[in-house]
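Visitor: I have a protein model to explore. Will you walk me through it, one question at a time?

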Amino acid sequence: MNTAKVDVLLGLQWGDEGKGKVVDVLTPRYDVVARFQGGPNAGHTLEFEGQKYVLRSIPSGIFQGDKVNIVGNGVVLAPDLFMAEAKDLEKSGHVLQSRLHISKKAHLIMPTHRLLDRAMEAAKGKDKVGTTGKGIGPTYTDKVSRNGLRVGDILDRFDEKYAAHKERHLKMLASMGWTDLDGLEEAEKVWMEGVDYLRGFHLVDSEHELNRILRSGKSVLCEGAQGTMLDVDFGSYPFVTSSNTVCAGACTGLGIGPNRIGNVYGIMKAYCTRVGAGPFPTELFDETGRLIRDLGHEYGAVTGRERRCGWVDLVQLRYSIMVNGVTELIMMKSDVLDGFDTIKACVAYRLPDGTETRDFPYEIDNVTPIYKELPGWKTDMTRFTSEAQFPQAFKDYVDFLEAELETRIGIISIGPDRDQTIVRQSM
């Protein structure tokens, strides 16, 4: 029996760790790249050859040669946004239709899902989650309540199915007292154009396709969106997304068995960021936090919102490594800390009762981070091409992280470009 495995790549913090760049760098090692969850609320930014691209729904392996890229059943897809994203890539010379396969079981984000998203957030008042307003949550809600509209539905009696779903959504909005339907008709027109465009792609039973690929001995890289701390089960609930962003989500989001998982690559920043509401123990509200944001260009790829910034949180990272079964760490944006005299890392939390813990607790709203300070390296590393060039203080920082996290750091990113990536040792 063939023992081909899938490797999984995912974020370990609150998203925005730099997954798109890493998928792009690793793709030459694989035959297929598959996205297993999330929707167009997650932007993966890639930079190479002087160009910058932001992918929202399309797997980040699309730029590498003739690789097959698969949008799995765990993804939620907005046809209009997908069409705009794909056409932008086509204009830049990247042919998609022959290489991009889309699961028939992926759920569709309707224009009325976006209205529901806005209405639900407004109803929460000061307790709002801080969603991107893309309709992700309501789409996943329809999915789990068995009311969803899927990609495969566009192939048979679609107008009838769409009308029924729209009517149900409008009744829900009316019951919530939401009357702002401005722009819905125009949004539907573009959305339907996106549906027609979607029909031109390979719409597949991706679970069968992926398992056939594995049986043939080919290699697959599974790409996650957002980050572990936004997982609906294991994240900082309720300030989370609506899907499983952890490694287990690759199984349910693609239809592959747990025994098919090989390496699990966990991506982290050398510091930490968060977008939207919710607890963030190491958040910095001072000049240091603003400096990290500005140096790291920490603004949402999709929304443009400022990201909240703070020191790296090793309590949180140990937890993420545990629930994902991470086998290898990849550290991004090391260069952002090049100019700091002192680097801090949270090694434990002080709980409200005064006790200390290195384990991630049920609630993190009122914990106080306990920091270890390390000397900065005060060196511009952005032009380095090998690990041998790293200053000793940075090597010490990496050694410290590996010891605390009990996991090897195999790749270090020192800039946004594809070439600014140091592979420390064979992965």
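Guide: What follows is a set of questions and answers on this predicted model.

Visitor: Into which domains is the protein divided, and how far apart are the C-alpha centres of domain 2 and domain 3?

Guide: The assignment gives domain 1 as 6-103 + 202-265. Domain 2 is 107-199, and domain 3 is 269-423. Between the C-alpha centres of domain 2 and domain 3, the distance is 37 Å.

Visitor: How many residues of strand S1 are buried?

Guide: Strand S1 runs over residues 6-11. In a regular strand the side chains alternate between the two faces of the sheet. Here Val-6, Val-8 and Leu-10 point one way, while Asp-7, Leu-9 and Gly-11 point the other way, and all are buried. The count of buried residues is six of six.

Visitor: Which residue stands opposite Leu-10, and which stands opposite Val-8?

Guide: S1 pairs in the parallel sense with strand S11 (residues 261-269), over five bridges. S1 also pairs in the parallel sense with strand S10 (residues 220-223), over four bridges. Leu-10 faces its partner in S11, which is Gly-266. Val-8 faces its partner in S10, which is Cys-222.

Visitor: Is Asn-73 buried or exposed?

Guide: Asn-73 sits in the loop between strand S5 (68-71) and strand S6 (76-77). The cut-off for buried is under 20% relative accessible area. Asn-73 has 11% relative accessibility, so it counts as buried.

Visitor: Which backbone oxygen does the side chain of Asn-73 reach?

Guide: Start with the contacts of Asn-73 beyond four places in sequence. Among them are Ser-103, Lys-105, Lys-143, Ser-206 and Thr-252. The side chain of Asn-73 comes to 2.9 Å from one backbone oxygen, that of Thr-252.

Visitor: What do the buried residues of helix H4 pack against?

Guide: Helix H4 covers residues 136-144. Its buried residues include Ile-136, Pro-138 and Tyr-140. They pack against S6, strand S8 (107-108), helix H3 (111-124) and helix H5 (158-175).

Visitor: Which residue follows H4 with a positive phi?

Guide: Look just past the helix. The phi there is near 65 degrees, and the residue is Arg-146.

Visitor: Where is the cis peptide bond at Pro-238?

Guide: Pro-238 lies in the loop between S10 and helix H8 (248-254). Omega is near 5 degrees, and the cis bond runs from Tyr-237 to Pro-238.

Visitor: Why are the buried residues of H9 on the same side?

Guide: Helix H9 spans residues 287-295, and its buried residues are Gly-289, Ile-292 and Arg-293. They lie on the same side of H9 because the arc they cover around the axis is only 100 degrees. An α-helix has 3.6 residues a turn, so residues three or four places apart point the same way. The partner that the buried residues of H9 pack against is strand S13 (308-310).

Visitor: Which backbone nitrogen does Asp-286 reach at the start of H9?

Guide: A side-chain oxygen of Asp-286 makes the approach. It comes to within 3.1 Å of the backbone nitrogen of Thr-288.

Visitor: What phi does Lys-333 take, and is Lys-333 buried or partly exposed?

Guide: Lys-333 lies in the loop between strand S15 (328-332) and strand S16 (342-350). Its phi is positive, near 60 degrees, though the residue is other than glycine. Its relative accessibility is 23%, so Lys-333 counts as partly exposed.

Visitor: What span should helix H11 have?

Guide: H11 has 14 residues, 392-405. The expected span is 1.5 Å times one less than the number of residues. The end C-alpha atoms are 20 Å apart, which agrees with the expected 20 Å.

Visitor: Which residue just after H11 has a positive phi?

Guide: H11 has buried residues including Phe-394, Val-398, Leu-401 and Glu-402. Just after the helix, phi is about 55 degrees, at Glu-406.

Visitor: How far apart in space are Ile-409 and Ile-267?

Guide: Ile-409 is in strand S19 (residues 409-413). With 0% relative accessibility, Ile-409 counts as buried. Its contacts beyond four places in sequence include Val-398, Leu-401 and Glu-402. Ile-267 is 142 residues away in sequence, yet the C-alpha to C-alpha distance is 9.5 Å.

Terms used: Residues numbered from 1 in each chain as written. Predicted model: local features only at pLDDT ≥ 70, side-chain atom pairs only at ≥ 80, totals over all residues. Heavy atoms only, no water. Buried < 20%, exposed > 50% of the residue type's maximum accessible area, 1.4 Å probe, protein only. Helix = DSSP H or I, 4+ residues; strand = E, 2+ residues; numbered from the N terminus. Arc of directions from axis to C-beta. Contact = heavy atoms within 4.5 Å. Polar contact = N/O pair within 3.5 Å; in protein donor to acceptor, adjacent residues only side chain to side chain. Domains from an automatic or database assignment. Pairing = 2+ DSSP bridges.
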